[in-house]
Amino acid sequence: MQIRLLFVTFLMFVSHLVFSQAKLSGKITDGETGAAIVGASVTITGEQKGVTTDVDGGFYISVQRNVKYSLTVSNVGYQTKEVGDIQVTDTDVPVVNITLEKSNQQLQEVVVKTSARRESVASLYNVQKLSSSISDGISADIIKKSPDRNTGDVLKRVSGASIQDNKFVIIRGLNERYNTALLNNAVLPSTEADTRAFSFDIIPSSAVDNLVIYKTPTPDLPGDFAGGAIKITTKDYPTSKLSELSFTAGYNTMTTFKSFYKNPDKGNLDFLGFLDDSRLIPGPYYRNISQFINKTDDFKTAVTKMFPNTFGFKNANNSLPNLSLSYTGGNTKLMSNNNKLGYIFSLGYGTSRQVSERTRDEYLADKSLRYSYTTTNYDQKSNLNALLNLTYSYGKSKLSFKNLFNNDFTSSLGLRNGYDVSNGEDDKFLIKSNLNHIVQNGIVNSVLEGAHSLNNGWKADWTGSFSYTYRNEPDQRILNFRTRSGQTDNFFLPLGNQNSPAIDRAGRVYSFLNENIYGASANVIKEFQWLNLPQIFKFGTANYYRKRNVEVDAIGYASLSAGGVDIPEPETGTFSSVFTNDNIDNYGITVGNILNNSASYKGDALLNAGYVMLDNKLAPSVKLTWGVRVENYRQELNALDNRSTSVDKPISNFDVLPSVLFTYSLNPKSNLRLAGSQSVNRPEFRELTNYIVYDYDLALFVAGNPELRRSKNSNLDLRYEWFPGAGQIISASLFYKKFDNPIERVNLGNDFLSYQNAKSSEVYGAEVEIRKKLDFFQSDFLERLSLYVNAAYMKGSIKFENMLSANNPMQGQSPYLINTGITYSDREDKFMFNLLYNRIGPRLSYRGQDGALNIYEKPRDVIDAQISRKFLNKKLEVKATVSDILAQPFNWYYKFDPATSNIGYDEADSKIMRSTKLGTSASLTIKYLF
């Protein structure tokens, strides 16, 4: 597979070598508002050669390599600026960002002179300071210097953010459901079947140009968030010819060079990460699914034999290192009339294995053990991803067509052993089970967008988008053997009669989910003067239509005998001979539909939103950003057969969501911001459906709740920020949030989880962020170091209708989080070292209801390190990364006293109910720039 990909990437490389001329690029902005200046003149000083800036304020100009240049920038109403000491070399292509100041009568003829380095630093600082939102972000430069390979890893470096399950983002300690995600200005659908969440690990970090988390709603952002709006922008115009081949080999302490077991079945397209028809339900069963139990015994027996006997496992070769290969190419073609065409594309493929050790212990309210399971998981994974962005700029307009594709494929095998003492030690019995599981998960995202600079200070932009997400899990297979009470051998499989098949004993689950989301938005901006100060008026609309289709068929094995049957463990010990044709005949085995665990429904949601906002400069140091957003949302859920329950009537909400942000510039380097806003949080389709999913890993059942209502939220923020230099910030924030009818994940006891509205809840807390170079020390070594620290502290309370007291955090909330790191880079950026640390406080995963126990996630200390070195004039980069050095287990624990204010783990009031060990990972990446 790698050979084929190498050939394809080589052809891509050759195809764009023709665009190899050196180019200077940058962006011209207003020094007072931060807005792009369209139509500014950029010329090479002393020459006639020049261009005008495009709708983004950007410019590209052809130059010769290894020659120093100066640029002269001018525009009507602004001071002319000359920027010198600019040089393009074979290894360094500078990006020259420039700010222009408004001119006045006395300074009309003055030309301001500065250096390229000083001007770019000042420009970046100016963008940070003039932002009209409370937000935190990471640029491509910082991402490039981190050990992060996907966007999920990147997000945990952002102030106030952490990652759950290695892919879901938690902002300010709030559950992932309180976030919204946008990719290239298009709203992204949920990638998960059972939760409202986007799996950020499917977006490669190399494709990201910048990532911003908005902490407070503004009228031009979606209204459905209270934690954060995560806005990801993929790369647009390459600043220089881009041709990069990257190869990575990875090692894991629990997997690499160690024994491995795998599923016995294999599709013809598994190596590419796609499914064929070999794992589909046999046609005769599928066509008679609703009436199968009424068929004759002979028919049932014949159909049961049609299901492939693919239970069990088989030996595989010892695991080799994980491998991935990717190629990224791109360039910007300068055309006549100052037009330009930019493109960037990437293609990547990876294959990997992972072995994990898991435990699952269940306790009763008196802290006595009910059962204890130990599971070894063997996951074989492949990933295929691609990106293609095309951008054409002409006159004062720009058109972009951006596309992202990612497909993950995982073949999992779980081998479990354990025991059950629910009826006391004398009646203890042992269990032995296995899980066979295939998951294909992916996204296709396409965005067509345009930006136009009109006359008299008017600007407009628009977006049309399409996203398709899918999660296919065909033929998940579960077998669960046990011994009789008091015995330690003679395992058997107990099957009930055909009226009571059980998915957690012997069954197969076929699950298919796909969702389409069609989006369109438009924004109009008017820049004008009032009080002799610049003002911005903005209005627009945002609309999307979501269509989700879900089909889940849970099929259990049972006996045609009214009294059921016990099937002895196969002598092979691999479970592969349980459902042979002979056993099906001898034991009268049949399959049957399990209605409670099956579903078939269609979900539709339509959002129509509009907003109006003003960015008012009331004085040189005072700015007010304010406005209102209105959203009309209609959600409908329709069952396609008796396996699901429809919502009685469509859910319809009309919300008016005001927001205001006051910014006071204390001095040229610091701001004080005060914000207030309202937002909402809506239930997802899965949360409204009543079907029950069996989670083998948790050994729990998860059910929906058709009675859920949307939550309405109020938000207050106070923030001080100081910008000591470009790319540097020191800030402190206070925040408060009030929720009406928040949606919580709850533990109902008896191995059941669900969703429920609380009556109200509150969250308040503080954040601190420091991102600072250590250049204030008189040391050549220390001035090359950069330190960043961000920490957050949160407290909360919640109240249900049946609760008198509410001294309890919200579900998903943790009391604190810490992200910190230090980076060293030499003067030539050839050698770099990065050390990162992350920790979150105890997090409420599921709230105990009706006497059931609260389930918390235990804190982990995560340390990552990376070292890189560039050779051959920076064309060759070698990068070594070690992730999760401490490899502490992921632990979930029960708290037995629901009223306690101490939510941390302690021996007297806590028991570990779930633990997962993944080991430490290391990788070596070799990257070559052609």
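Student: Why is Asp54 called buried?

Tutor: Its relative accessible area is 3%, and buried means under 20%, exposed over 50% and partly exposed in between, with a 1.4 Å probe and protein chains only. So Asp54 counts as buried. Before we go on: this is a predicted model, where local features need pLDDT of at least 70, side-chain atom pairs count only at pLDDT 80 or more, and totals for chains, interfaces and linings use all residues. Residues are numbered from 1 along each chain as its sequence is written, and side-chain values use heavy atoms, with hydrogens and water left out.

Student: What makes Asp54 and Lys340 a salt bridge?

Tutor: Their side chains meet at 2.7 Å, N to O. The rule asks for a side-chain nitrogen of Lys or Arg within 4 Å of a carboxyl oxygen of Asp or Glu, so the pair qualifies. Asp54 lies in the loop between strand E3 (50-52) and strand E4 (58-62), and Lys340 in strand E20 (residues 340-363), so the bridge ties together parts 286 residues apart in sequence. Helices (H or I, at least four residues) and strands (E, at least two) are DSSP runs, numbered from the N terminus. Lys340 has 4% relative accessibility, so this residue is buried. The whole structure holds 42 salt bridges.

Student: Why can such side chains pair at all?

Tutor: Side chains of opposite charge can pair when their charged atoms come close.

Student: Which salt bridges does Glu631 form?

Tutor: One is with Arg629, whose closest N and O atoms are 2.8 Å apart from those of Glu631. Another is with Arg682, also listed at 2.8 Å, N to O. That second pair links distant parts of the chain: Arg682 is in the loop between E33 and helix H8 (685-688), Glu631 is in strand E31 (residues 622-639), and they are 51 residues apart.

Student: How do you know that Glu631 and Arg682 are buried?

Tutor: Glu631 has 1% relative accessibility, so it counts as buried. Arg682 has 2%, so the verdict is buried here too. Arg629 is buried as well.

Student: What makes the links from Asp265 to Arg279 and Arg477 polar contacts?

Tutor: The side chains of Asp265 and Arg279 make a contact of 2.8 Å, and those of Asp265 and Arg477 are joined at 3.0 Å. A polar contact is a pair of N or O atoms within 3.5 Å; within protein, one must be able to donate a hydrogen and the other to accept it, and residues adjacent in sequence count only if both atoms are side-chain atoms. Both links therefore fit. Asp265 sits in the loop between strand E17 (260-262) and helix H5 (283-287), and its 13% relative accessibility makes it buried. Asp265, Asp270, Arg279, Asp475, Arg477 and Arg508 are linked in a network of salt bridges.

Student: What does the side chain of Asn757 reach?

Tutor: It reaches the backbone oxygen of Asn741 at 2.8 Å. A polar atom of the Asn757 side chain also lies 2.7 Å from the backbone nitrogen of Arg709. Asn757 is found in strand E39 (residues 752-757), and with a relative accessible area of 13% it is buried. Leaving aside neighbours within four places in sequence, its contacts (heavy atoms within 4.5 Å) include Leu708, Pro742 and Phe800.

Student: Why is the aromatic pair of Tyr392 and Tyr394 called stacked?

Tutor: There are 29 aromatic pairs by the ring rule. Tyr392 and Tyr394 lie 5.6 Å centre to centre with 20° between the planes. Rings of Phe, Tyr and Trp (its six-membered ring) pair if their centres lie within 6.5 Å; planes under 30 degrees apart count as stacked, over 60 as edge-to-face and the rest as tilted. So this pair is stacked. Tyr392 is partly exposed at 30% relative accessibility, and Tyr394 is partly exposed at 32%.

Student: What makes Tyr893 and Tyr905 edge-to-face?

Tutor: Their centres are 5.3 Å apart and the planes stand at 80°, so the angle is over 60 and the pair is edge-to-face. Tyr893 is in strand E48 (residues 890-895), while Tyr905 is in the loop between E48 and strand E49 (910-917), 12 residues apart. Tyr893 is buried, with a relative accessible area of 0%, whereas Tyr905 is partly exposed at 27%.
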